[in-house]
Amino acid sequence: MAQPKRKPRTNAYDHGAIEAKWQRRWAQDELYQVADDDPRPKWYELVMYPYPSGDLHIGHWYNYAPYDTHVRFMRMRGYNVLAPMGFDSFGLPAENAAIQHGVHPYEWTMANIERMREQFKSIGPVFDWRREIVTSDPEYYRWNQWFFLQFLKNDLAYRAKAPVNWCPSCQTVLANEQVIAGRCERCETLVERRDLEQWFFRITRYADELLDFSGLIDWPEKIKTMQRNWVGRSEGVELVFDIAHYGLDEKEIRVFTTRPDTVHGVTFMVLAPEHPLVERLTASDRKAGVEAYVRQARQASEIERLSADREKSGVPIGAHCVNPFNGEEVPIFVADYVLMGYGTGAVMAVPAHDERDFGFARRLGLPVRVVVTPPDWDGGDLAEAYTGYGTMVNSGVLDGTPGDRAFDAVADYAEGQGIGKRVVSYRMRDWLISRQRYWGTPIPIVYCDECGVVPVPEDQLPVLLPQDAEFKPTGESPLASHQGFVHTDCPQCGGHARRETDTMDTFVDSSWYYLRFVSPHEKDAPFDPALAAAWCPVDQYTGGAEHAVMHLLYCRFFTKALRDLGIVAFDEPFLRLFNQGVILGEDHDKMSKSRGNVVNPDNVVKRLGSDAVRTFLMFIGPWDQGGSWSDGGVQGMSRWLNRVWAIGIRDPSALDGARQAVEELQRVTHKTIRRVTTDLERFQFNTNVSALMEFTNHLNRVWDARSVDAAAWRSAVKTLLALLAPTAPHLVEELWERAGYPYSVHQQPWPVWDDDLARDPEITLVIQVNGKLRDKLIVSADIAEEEAKELALKSERVLSQVAGKQVRRVVYVPGKLVNVVVG
RNA sequence: GCCGAGGUGGCGGAACGGCAGACGCGACGGACUUAAAAUCCGUUGGGAGCAAUCCCGUGUGGGUUCGAUUCCCACCCUCGGCACCA
């Protein structure tokens, strides 16, 4: 007997061939190209674009596969969906690669993009690649420069001195993330604080509006909270302490406090080491000590200074100021627990009612005076600071003011006396966009010997990055040493000028990329205003929560700024936001090379297919909670897809079934449509897959029992395919074609369920005694209350439980249960 | 310290205040096979019992309720974020 080695090829699920076939076909047919004039309602669904690191790892898949499924779902539901993709291609790794391997950042980046684009395509995504943008392309970054100039004209961009992390060995500024325990991550030199001229965007002008989330439809509460904390709005009072007795130009020290009611408890004053008055007020016999302290404080990195559990340090400067409320003289200290960057850089110290001041006072033996009554206070010394509110004492005319009126009473008093005023202070500072790096957008500014700071005229944009820069590990930007780039003519007077050699933070690129996607090849403007009006804002945005306060906040700021410049007509860039979680290794640990738990998606795709990988990633668990990879799990997913395949290719023509089973199949089908639809609407991809698995299990039972006719079978399988299409697009397209349905399944309308057809004629009535399950009865769904109770009380198991006790109550929940309460 | 999210079988996870553990992984048993792989079928929270059945179980302790994984209070862990912001 002839032994066939394997089943005929046409009947096996050959994922490799099928996926290649349909990826080719979809591209050929331009299935995913989005038309701007499509009459269907628009839906702009965006996923955060990647940095082209060179390899699409499993984390990328975890971000993009569920997104792709949701986009496909929305298309089938009848939306004209804009789903674009691009590359966030400026940034440090390219430059480091240049320094380490001698390959130009441009070459490195473009090679990575090419490779990732191909890997992307193996997911089978719906991206309209004609709209791809690459932010390191001059056609893109010229508009960064253009926006910069618009901001400059409108006082939203400015230059100022700012303290930065400076590595004296590398001769460069480091980002906060590059400073580890106060040392340069590359050469381990102690990092210094240094004041440098930097460019800023005036995001603080929008602080209050950024706190208003009312224009958003659906954002995670967590992200809003993080942004709220980041902006850090606090209402307080600015008070004035007198130093006129020193005869300086400055007559006062201004302090910001949120607790003006504690002002009579001030026993000393603290200035930040960077405070300009430190130098002027320090007594001659204190000079040496104070200077040494300030020097040491400035060397400590911000990270070091901000660690709260450090012992408070500081020194007296040998001067005093006068508390305007009670005329008391209080000594002035310099201490690094006070930050120049917040409030006024000076703090009125109230040790009795502030933990930090309390710690400092303890250490230096300074007096503590209670002015707010703690509950159950015995009038004695405090063991720790009392930071709550309470009736004011030791506060002169304000004595006796109750805690709930204290703030306003003191603020009113201060304003009436002209010694203070209500102010709002923010934690957020302006956005520092200068980077001393090559691989970024050149800031379009020249410094003219005659005219000073001159913006590059718009018609001279873009200021191009020179290709022939040299990449040496000096730490200095290749732009600064590139003579051809630096030396230029002043656009105003034609005289000699030097170009700005700093480049822009890459978050500038991502602050408006969503706008570029509507018209990525627009030549005369950053985007086509009509198309932006038609497509924007983004209806649904997905991406990692790590961008909660950087990218997302910057982007909101950018949008609001552009609105005020008349460039866009809406307030928020992203109406809905969904944050996916993080994919972990099989050992439930973060994936890392050192742990050896990194999963290479290319290998798994080759072995089991893209559909198995993407479906498994969605099945792991709730998308926003992340989850762990599992080799066994993805294998199981592959098994299920093979079962779907088997169902899809069966020939049902010989079936001839019974009416009851047909109705049941229809019921299960409509229930499944309902479950899958609501799950996909809510980004619940895991239960979406479960529902489809249960559906296929039911279909297999039906098939084994031969209980339905061919038409019923075909109709149910057709629905299965449509429902599975967004999740496993290649497999379904193939089965769809083999079943003889019109191409493409991805252009079919989404199935609609009918609640009546999904309704069970019979239900399982749960019988409880005292809330514990005792029996289950199959009854008609429209059973009357009396009948249900009667059946319950007649149940043998109920009778045995009730025996010898009294029935006190019978609770009936229609369609659900009967609970017999006995006692 | 503060702010989030979370704690459910061996594992990932399901469950409008109403049958806890859907679905899957793993494990065990069986079928097919010379054998294995693959595939298919069955069992699978713990305990008692020959069995019908019963008891215990959703981090811990209370509370609300006829009924709590679900709501409230307190606490303990885990993970994320922020962290001297006056």
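How much area does chain A expose, and what share of it do carbon and sulfur atoms supply? Chain A exposes about 37200 Å², and carbon and sulfur atoms supply 48% of it; accessible areas come from the Shrake-Rupley method with a 1.4 Å probe, and for residues only the protein chains shown count as cover. Before we go further, note that this is a predicted model, in which local features need pLDDT of at least 70 and side-chain atom pairs count only at pLDDT 80 or more, while totals for chains, interfaces and linings use all residues. Residues are numbered from 1 along each chain as its sequence is written, chains are lettered from A and ligands numbered from 1 in the order in which they are written, and side-chain values use heavy atoms, with hydrogens and water left out.

Let us start with the whole chain. The C-alpha trace of chain A spans about 110 × 85 × 50 Å along its principal axes. Its secondary structure comes to 27 helices and 31 strands, which are DSSP runs numbered from the N terminus (helices: H or I, at least four residues; strands: E, at least two). Of the 823 residues in chain A, 52% are buried, meaning under 20% relative accessible area with a 1.4 Å probe and protein chains only, whereas exposed is over 50% and partly exposed lies in between. Among contacts (heavy atoms within 4.5 Å) between residues at least 6 apart in sequence, 72% join residues at least 24 apart.

Now follow the sheets. Strands 2-1-24-25, in that order, form an open sheet of 4 strands with parallel pairing; two strands pair if DSSP finds at least two bridges between them. Its edge strands are strand 2 (80-82) and strand 25 (574-580), each pairing on one side only. Between strand 1 (residues 42-47) and strand 2 there are 3 bridges in the parallel sense, and Trp-43 stands opposite Val-81 in strand 2. Helix 2 (residues 58-76) lies across strand 1, strand 2, strand 24 (538-544) and strand 25, and runs at about 175° to strand 1. Here axes are lines fitted to C-alpha atoms, for helices over the stretch in contact, and angles run from 0 to 180 degrees between N-to-C directions.

Next comes strand 14 (residues 329-334), which pairs with strand 12 (residues 268-271) in the parallel sense over 3 bridges. Strand 13 (residues 315-322) pairs with strand 14 in the antiparallel sense over 6 bridges. On strand 14, Ile-332 faces Met-269, and Val-330 faces Cys-321. The hairpin of strand 13 and strand 14 has 6 residues between the strands, and in it Gly-327 takes a positive phi near 70°.

Pause at Ala-497, which is found in strand 22 (residues 496-499). Ala-497 is buried, with a relative accessible area of 0%. Not counting residues up to four places away in sequence, Ala-497 touches several residues, including Val-446, Cys-448 and His-487.

Finally, look at the open sheet of 4 strands ordered 29-28-31-30, where the pairing is mixed. Strand 29 (772-780) and strand 30 (807-813) stand at the edges, each with a single partner strand, so one side of each is left without a neighbour in the sheet. Neighbouring strands of this sheet are turned by 20° against each other on average, direction ignored. Helix 26 (residues 785-794) packs on the sheet, touching strand 28, strand 29, strand 30 and strand 31, and its direction makes about 130° with that of strand 30.
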